[in-house]
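Colleague: Could you take a close look at the aromatic rings in this one for me? I'd like to hear which of them pair up, and what sits around them.

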Amino acid sequence: SKREIKMRKLDSTKVRPLKSEQLLRIEDHDFALRPGFGGSPIPVGIDVQVESIDSISEVDMDFTMTLYLRHYWKDERLSFRSNKNKSMTFDGRLIKKIWVPDVFFVHSKRSFIHDTTVENVMLRVYPDGNVLFSLRITVSAMCFMDFSRFPLDTQNCSLELESYAYNEDDLMLYWKHGNNSLSTDEHISLSQFFIEEFSASSGLAFYSSTGWYNRLFINFALRRHIFFFLLQSYFPAMLMVMLSWVSFWIDRRAVPARVSLGITTVLTMSTIMTGVSASMPQVSYIKAVDVYLWISFLFVFLSVIEYAAVNYLTTIEERKQLKKRGKASGMYSIDAVQAMAFDGCYHDTDVDMDLTPFSDRCEENETPADAANISNEDTTRLKRKRSLKGNVGRIILQNNHVIDTYSRIIFPSVYIVFNFFYWILYI
């Protein structure tokens, strides 16, 4: 009736189909079912163009990649007549009204389709029903990394694609152009990694409740750049170890100098090790950098222990010498090395000195004779200081313990051998 026709015109909930939808006869088919439902599985070809690898996270063990994902299949329900045999291209509004493959990323943590300025989705339909469906996606996925050789390691990661609902009886995923289905941008680069290769592969995945599914793999190998870690970890560790060897050339009586140098190098090595561990996941196995830093730390620690042994043995030797000399004027005589520990000056070993001059200098009331003696002693001391300047090397060698002499050779030799085998083993 006229009244029903008028009510239909006034009904705003009914949207008139677009011209393209009328051409494709969208309203005439049920697109909730896959093409060829009930028959053989529908083949869906895939090809991928990797635009960029945005980041690699060792702490989270994942990577972020931006790519163009393209699907190819044939749906005869979308075929149309065309005199010039030209395809039709649509945006994302038509995607919600037809059937598209439900491909998802296995082991993905987060992903999204870019939507600036509009949703980055493209649908192209050919007259014979062939369909091209393209998406621009950024996805973050897990990468099971092995850090046993870090930072001299090579990581193998993969991005896996699979249908969520359709098993191999309904949908067959395959690489559209074989090994050439995976392409990459020429300018892809990473700050810490060198991309060695990209490859495509396929396989099957089994789920106990739903069956077998076709799965596609995007494989890529990442080799880490070592130069950053040489500057931040290896070179500082080497310098700290060599700095700890300086104490072997310092006089064994200079306790503050040798102890402070040893403690400083130990604390610096601890700081380097803490900085490396803070940027790494808490794994339960030993990494290559841990081996190097811990052995370097051991060398620094042993240099401190070496001086403790030298100081202890020196003290024992001096006590034995004092007992042999006996007492003079109620006080022990002091040899040249011990006298230098008191006043900081070198004294000839053939001149015995006692503690009387040191105590007399502190007296307020001095006799003229004592003053003359002090003046003569000062003059003698100045002469000895001048002679000391020309014989510094000889004096240092005489005042060093035999352990220091051996340490100057053993420590560098062992450390060089360790470095040689370390780099041969891990490179």
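Modeller: Sure, and bear in mind that this is a predicted model. Counting rings of Phe, Tyr and Trp whose centres lie within 6.5 Å, you get 27 aromatic pairs. Take tryptophan 73 and phenylalanine 133: their ring centres are 6.4 Å apart and the planes sit at 85 degrees. Anything over 60 degrees goes down as edge-to-face, so that's what this pair is. What does the pair tie together? Tryptophan 73 belongs to strand β2 (residues 62–74) and phenylalanine 133 to strand β7 (residues 130–142), so the pair links parts that are 60 residues apart in sequence. As for cover, buried means under 20% relative accessible area. Tryptophan 73 has 3%, so it's buried, and phenylalanine 133, at 5%, counts as buried too.

Now for phenylalanine 206 and tryptophan 212, an aromatic pair with 4.9 Å from centre to centre and 45 degrees between the planes, which makes it tilted. Here the rings belong to residues that are partly exposed: phenylalanine 206 comes out at 49% relative accessibility, and tryptophan 212 at 39%.

Then there's a cluster held together by ring pairs: Tyr234, Trp245, Phe248, Tyr292, Phe299, Phe411, Tyr415, Phe418, Tyr422, Trp423 and Tyr426. Helix α10 covers residues 402–426, and asparagine 419 has its place there. With a relative accessible area of 12%, asparagine 419 is buried. Leaving out residues up to four places away in sequence, asparagine 419 touches Met238 and Tyr292, and Tyr292 is one of the cluster's members.

A ring can have a charge for company as well. Arginine 408 puts its charged end over the ring of tryptophan 249, at 4.0 Å from the ring centre.

And on the outside? Val402, Tyr406, Ile409, Ile410 and Val414 make a nonpolar surface patch of about 490 Å², which includes an aromatic residue in Tyr406. Isoleucine 409 from that patch is in helix α10. The cut-off for exposed is over 50%, and isoleucine 409 has 55% relative accessibility, so it counts as exposed. Put that beside asparagine 419 and you have a buried residue and an exposed one, with helix α10 holding asparagine 419 as well as isoleucine 409.

Conventions:
Residues numbered from 1 in each chain as written. Predicted model: local features only at pLDDT ≥ 70, side-chain atom pairs only at ≥ 80, totals over all residues. Heavy atoms only, no water. Phe/Tyr/Trp six-rings, centres within 6.5 Å; stacked < 30°, edge-to-face > 60°. Helix = DSSP H or I, 4+ residues; strand = E, 2+ residues; numbered from the N terminus. Buried < 20%, exposed > 50% of the residue type's maximum accessible area, 1.4 Å probe, protein only. Lys NZ or Arg CZ within 6 Å of the ring centre and 35° of its normal. Contact = heavy atoms within 4.5 Å. Patch = residues over 30% accessible without salt bridge, like charges linked within 9 Å, V, L, I, M, F, W, Y side chains within 5 Å. Areas by Shrake-Rupley, 256 points an atom, 1.4 Å probe, with all protein chains shown as cover. Salt bridge = Lys/Arg side-chain N within 4 Å of Asp/Glu carboxyl O.
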